Amino acid sequence: SYGTELYYLQIELLKLQDWLNKTGKTLLVVFEGRDTAGKGSTIKKWTENLNPKYYNVIVMGIPTPEDRKNWWDRYRKQIQKGKINLFDRSWYNRGIVEPVMGYGTPEEYNDFVNNIVDFEDDLTKDGDFLFKLWFSIEKETQQKRFEKRLGSPLKKWKFSPNDAKMQEKWDEFTKFKDKIFDASSTVNNPWVILDSNDKRVSGLNSIRYVLSNIPYEGKDNVVLDVEYPEAVTVYRPTKG
């Protein structure tokens, strides 16, 4: 069952956390995708039973003018070494959300595209781990989730004016997403696309994929060797 699978995966996450703490290695996981794709709820699944001292959830607000000038440092300084760092949206705002919504300049976008690979290579040059997860949903799924959000007194706060525009800008968002995938999916740091039309499946798959690709001690392969091939796609790069 879903609950049983999650339980055993969360045990594996605790083993990973101990291993990172012992070795000093750092894990960075980027959670990206359209609004309502399940990024936040998945991060809750990740952290539910972790030791709060050894994980770090990063949610950034609107950048200041100074942040806009020091885009890379803005994110780099949020990373805590030896911990699980989970980015609820990330530096990819500059490459996708900002151009779609008309917030950034062409110069900022070009700087992003030209430097993203070097930035990520630098983050992992000491043997640390970076995973870029894209939570993929269909347009109709997003619309239904927006309506549900608006109808819930507990979730209404999550709905912003930008959310209302996201259905209108669906195709433009897709265009920029595809461009960024081409620019930033490398052999070392590929994009991993998770079918998130069912948040429970994408939540389990996100944990399973990351755990499967880190050589932590005491790994239980029986828990990890469960595949849903149609629900996880690694975006293979066209260049190095």
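Tyr 7, Tyr 8 and Ile 11 make up a nonpolar patch on the surface, and together they show about 300 Å² of accessible area. Keep in mind that this is a predicted model. Tyr 7 sits in helix H1. Tyr 7 counts as partly exposed because its relative accessible area is 48%, and the cut-off for exposed is over 50%.

**Inside: the nonpolar core**

Helix H1 also has an inward story. Leu 16 is found in H1 too, but Leu 16 is buried, with a relative accessible area of 0%. Leu 16 belongs to the largest nonpolar core, a set of 31 residues. Which residues have the most contacts inside that core? They are Leu 16, Leu 27, Trp 46, Phe 131, Leu 133 and Ile 214. Quite a few elements chip in with two or more residues: helices H1 (2-23), H2, H10 (199-212) and H11 (221-224), plus strands S1 (27-33), S3 (84-88), S4 (129-136) and S5 (191-195). H1 is the top contributor, giving six residues. As a general point, nonpolar side chains in soluble globular proteins tend to be buried together.

For a sense of scale, take Leu 16 and Leu 194: they are 178 residues apart along the chain, and their C-alpha atoms are separated by 21 Å.

**Salt bridges**

The salt-bridge count for this model comes to 16. Here are three of them, with the closest N to O distance for each.

| Pair | N to O distance |
|---|---|
| Lys 22 and Glu 217 | 3.0 Å |
| Asp 122 and Arg 76 | 2.9 Å |
| Arg 94 and Glu 98 | 3.6 Å |

Start with the Lys 22 and Glu 217 pair, which is a salt bridge with 3.0 Å between the closest N and O atoms. Lys 22 is in helix H1 and Glu 217 is in the loop between H10 and H11, so this contact ties together parts that are 195 residues apart in sequence. Lys 22 is exposed, at 60% relative accessible area, while Glu 217 is partly exposed at 46%.

Next comes the salt bridge between Asp 122 and Arg 76, at 2.9 Å. Asp 122 lies in helix H6 (residues 106-123) and Arg 76 in helix H4 (residues 71-76), so the pair links parts that are 46 residues apart in sequence. Both ends are partly exposed: Asp 122 has a relative accessible area of 28%, and Arg 76 has 32%.

What about Arg 94 and Glu 98: buried or exposed? Arg 94 is buried, with just 3% relative accessible area, and Glu 98 is buried as well, at 5%. There is a network here too: Arg 68, Arg 94, Glu 98 and Glu 108 are joined by salt bridges that share partners.

**Charged patches on the surface**

Which residues form the positive surface patch? It is built from Lys 44, Lys 148, Lys 155 and Lys 158. Lys 44 is in helix H2 (residues 39-47), and with a relative accessible area of 60% it is exposed. Lys 155 comes from the loop between helix H7 (139-150) and helix H8 (161-168), and is partly exposed at 45%. For another distance, the C-alpha atoms of Lys 155 and Asp 118 are separated by 38 Å, with the two positions 37 residues apart along the chain counted as their separation.

A patch of negative charge on the surface gathers Glu 138, Glu 140, Asp 195 and Asp 198. Glu 138 is placed in the loop between S4 and H7. Glu 138 is partly exposed, at 46% relative accessibility.

**Two positive phi values**

Finally, a couple of backbone spots to look at. Thr 36 has a phi near 75 degrees, a positive value in a residue other than glycine. Thr 36 lies in the loop between S1 and H2, and is buried with a relative accessible area of 6%. Arg 89 also has a positive phi, near 70 degrees, and is likewise not a glycine. Arg 89 lies in the loop between S3 and helix H5 (97-101). Is Arg 89 buried or exposed? Arg 89 counts as buried because its relative accessible area is 16%, and the cut-off for buried is under 20%.

Key
Residues are numbered from 1 along each chain as its sequence is written. This is a predicted model: local features need pLDDT of at least 70, side-chain atom pairs count only at pLDDT 80 or more; totals for chains, interfaces and linings use all residues. Side-chain values use heavy atoms; hydrogens and water are left out. Patches are made of residues with over 30% relative accessible area and no salt bridge: like charges are joined within 9 Å, nonpolar side chains (Val, Leu, Ile, Met, Phe, Trp, Tyr) within 5 Å. Accessible areas come from the Shrake-Rupley method with a 1.4 Å probe; for residues, only the protein chains shown count as cover. A salt bridge is a side-chain nitrogen of Lys or Arg within 4 Å of a carboxyl oxygen of Asp or Glu. Lys and Arg count as positive and Asp and Glu as negative; His and the chain ends are not counted. The place of a charge is taken as NZ of Lys, CZ of Arg, CG of Asp or CD of Glu. Helices (H or I, at least four residues) and strands (E, at least two) are DSSP runs, numbered from the N terminus. Buried means under 20% relative accessible area, exposed over 50%, partly exposed in between (1.4 Å probe, protein chains only). A nonpolar core is a set of buried Ala, Val, Leu, Ile, Met, Phe, Trp, Tyr and Cys residues joined through side-chain atoms within 4.5 Å.
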